[in-house]
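Here are some notes for a colleague who is opening this structure for the first time. They are meant to be read with the sequence and the 3D view side by side.

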Amino acid sequence: MKITRRALAASALALGSACGAFAAGHEPVTVGFIYVGPIGDGGWTYEHDKGRLAVEEHFGDGVRTLYQESVPEGADSERAMTQMIRQGADIIFTTSFGYMDPTINVAARFPDVKFEHATGYKRAPNVSTYSARFYEARAVLGHIAGELTESNKIGYIASFPIPEVIRGINSAYIHAKKANPDVELSVVWVYTWFDPAKEADAAKALIDQGADVLLQHTDSTAPQAAAEAAGDVYTFGQASDMPEYAPKPRVSSIIDDWAPYYIERVQAVIDGTWESTDTWDGIAPGMVRIGEISDAVPADVKAEALSLKNRLASGEYHAFTGPLNRQDGSVWLAEGETADDGTLLGMDFYVEGIVGDIPN
Amino acid sequence: MTFAGIDPLILLASLMVASTPILLAALGELVVERSGVLNLGVEGMMIVGAISGLATAVETGSPWLGLGAAALAGAALALVFGFLTQTLLSNQVATGLALTLFGLGLAALMGQGYIGVKPPPLPWPDLSGIPVLGRLLDQFDAVVLISLALLAAVAVFLKRGRAGLVLRAVGENHDAAHGLGYRVVPIRMAAIAFGGACAGLGGAHLSLVRVPQWTEGMTAGAGWIALAIVVFAGWRPWGVLLGAYLFGGTTVLQLNLQAAGVAIPVEYLSMSPYLITILVLVIMSAGRGRTAIGAPASLGRIFHASR
């Protein structure tokens, strides 16, 4: 992939400068994307790339997009970003939490380039952050999971112990518990966003321990395949719809829809109105969608799930509404109180009822 | 009998299954390196094997043909490396790295139409009726047995008989072997092809059995771990088995312990195979250079008959 990509990037560059030569004053805006996995992962990166393609389609010749796949989180991503800037990038979307500090570092060196970092919390005059309130969708999936489980054991494949993942675990657990008070949640940390073999092994380990519903916060479809092989196990698509595993094991999904946001931000660059912002959108604006709930889910459960989704979208209900205690039993939210965004963004604790510790 | 809610036999089985791709890849690379060639393209050969195996299995409906195709594809890619390094005398490290990049790209291209396609399952008899061991054997698949049989065959081949001795002689001192009338380049090409076939088979185990589906980049670094295991093993076949099961084992063990709710420091367990490798390398290489750790003396050196 890399060789082709470089060749493509080089030819794109050549094309770009050629166009610039005879269409002076009408340079296309160059938009870069840094991806943590391959665009064919069928999950997280796949959806970001769909957003990139939507930008290309929307603006046509007005933009030129660049992307690099499977960029390791950490220092090497700075090299990838710098390389993109040398190729003329005007705005770069860095689409994983682990690019946070590298993005800030590179942004400081190139004040004229705009940056958009997904799921982080550090901003600068030329760095915006954006994320989606995935926890709203997790609440809906948690509810379905609680209703579907017969062993009362839900398995959760978690990637890294960062607030975004912990929020998802808490939200899923709270709503599974509401649907089924006997439910137990077993969390396995795999320390990767994308490693199909490891994700499959984690799924199998959870299934061996009696889990009959799996939630995942990793990017490949491997857990879906493992669940299908095991038989009576339900799963949910993560980041992308993963429809090839419907109607069973995949009974619903969380879909990230980045396209409207990407188009809006690129438009702002074209108009010269881009400013550093912090966006955190949920189900209501459509940044997070719930995939088709399949027929493997009983009709009444499906209706409850859709009603929960609508209440979350209208703002009538917040996914973290008290009374809620922290894992150690101390009070977090009193009756009727809802969580503030600050606590959610820095969430580093489990709610009461979840067994086990969060690794540091 | 269970320990912390984990059945040790099931655990052993999943450990062996999970380690099979890296065991196969490392075994192939062991033979390559014992012949004096360093092929860093393992990751590329594995992933090309993974997609070739899956595509063939899907198109023909036969997982067995899939395994065969994976081995052939791995060997074919390896022979490209062999041609470049043995005939054109290119640098082995650079060529191997290029092979990995090429393999990842080629596999992504080949896999375009196969995302989300499920391969036909590899048949395996129901052995759960056998007392005690049945639970273990029931979790296995044919590739696990193939990997163990290949390991035993390689161990015997290298240790006993003339052919293994010749291969080792080529790896230790290619000029002397050449002087004795052995044809260094064809012997190395055969070893390289064998290494590629093993890596391809390992990749096919991922795409046909363990995951089982095609996902771009699905080997996720397994080829590099296989390379490390060969060094860890001190270039000995049974050491490869130990290394592969240690690597695969720690991963599976920690995932199972977590699933069973045993409080363990995940981050330390995750890094433990790497720490052990570094430790073993330090101990083995202390003082006496690379012969002390058992590296073939001609490893990575370019051979030309005129010198």
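**Points on the two chains**

1. T119(A) has a relative accessible area of 11%, and because the cut-off for burial is under 20%, T119(A) counts as buried. The residue sits in the loop that links strand 4 (114-118) to strand 5 (127-132) of chain A. Its phi is positive, about 70 degrees, although T119(A) is not a glycine. Please keep in mind here, and in every point below, that this is a predicted model.

2. A comparable case can be found in chain B, where L89(B), also not a glycine, has a positive phi of about 55 degrees. L89(B) is placed in the loop between helix 3 (63-87) and helix 4 (92-110) of chain B. Is this residue buried or partly exposed? With a relative accessible area of 26%, L89(B) is partly exposed. As background to both cases, most residues other than glycine have a negative phi, and most peptide bonds are trans.

3. Two peptide bonds of chain A deserve a look for their geometry. The bond from K248(A) to P249(A) is cis, with omega near 5 degrees, and P249(A) belongs to the loop between strand 9 (234-237) and strand 10 (250-256) of chain A. The bond from G322(A) to P323(A) is likewise cis, with omega near 5 degrees, and P323(A) is found in the loop between helix 10 (299-314) and strand 13 (324-325) of chain A.

4. Turning to the architecture of chain A, there are eleven helices and 14 strands. Six strands of the chain build an open sheet in the order 7-6-8-9-10-12, with mixed pairing. Which strands form the edges of this sheet? They are strand 7 (184-189) and strand 12 (288-291) of chain A, each of which pairs on one side only. Neighbouring strands of the sheet are turned against each other by 20 degrees on average, with direction ignored.

5. Within this sheet, strand 6 (residues 153-158) and strand 8 (residues 213-216) of chain A pair in the parallel sense over four bridges. A reader who wants to locate this pairing in the view can start from Y156(A), whose bridge partner in strand 8 of chain A is L215(A).

6. Helix 7 (residues 196-208) of chain A lies across strand 6, strand 7 and strand 8 of chain A, and it runs at about 160 degrees to strand 6 of chain A. Its 13 residues should span 18 Å at 1.5 Å a residue, and the end C-alpha atoms of helix 7 of chain A are 18 Å apart, which agrees. Eleven of the 13 residues are buried, so helix 7 of chain A is largely enclosed by the rest of the structure. The buried residues include P196(A), K198(A), E199(A), D201(A), L206(A) and I207(A). After helix 7 of chain A comes G210(A), which has a positive phi, near 100 degrees.

7. Helix 6 (residues 163-179) of chain A can be read in a similar way, since its 17 residues reach 24 Å from the first C-alpha to the last, close to the 24 Å expected at 1.5 Å a residue. Helix 6 of chain A is also mostly covered, with 14 of its 17 residues buried.

8. For chain A as a whole, the radius of gyration is 21 Å, which agrees with the value near 21 Å that a compact globule of 360 residues would have. The C-alpha trace of chain A spans about 70 × 45 × 35 Å along its principal axes, and 59% of the 360 residues count as buried. Chain A exposes about 13500 Å², of which carbon and sulfur atoms supply 52%.

9. What does the secondary structure of chain B come to? It consists of 13 helices and zero strands. The radius of gyration of chain B is 20 Å, close to the 19 Å that the globule rule gives for 307 residues, so chain B is as compact as a globular protein of that length. The C-alpha trace of chain B spans about 65 × 50 × 35 Å along its principal axes, and buried residues make up 55% of the 307 residues.

10. Among the contacts in chain B with a separation of 6 or more, 77% are accounted for by residues 24 or more positions apart. Chain B exposes about 12300 Å², with carbon and sulfur atoms supplying 71% of it.

Technical notes
Residues numbered from 1 in each chain as written. Chains lettered and ligands numbered in written order. Predicted model: local features only at pLDDT ≥ 70, side-chain atom pairs only at ≥ 80, totals over all residues. Heavy atoms only, no water. Pairing = 2+ DSSP bridges. Helix = DSSP H or I, 4+ residues; strand = E, 2+ residues; numbered from the N terminus. Axes fitted to C-alpha atoms, helices over the stretch in contact; angles between N-to-C directions. Contact = heavy atoms within 4.5 Å. Rg over C-alpha atoms; globule rule 2.2 N^0.38 Å. Buried < 20%, exposed > 50% of the residue type's maximum accessible area, 1.4 Å probe, protein only. Areas by Shrake-Rupley, 256 points an atom, 1.4 Å probe, with all protein chains shown as cover. Expected span 1.5 Å × (residues − 1).
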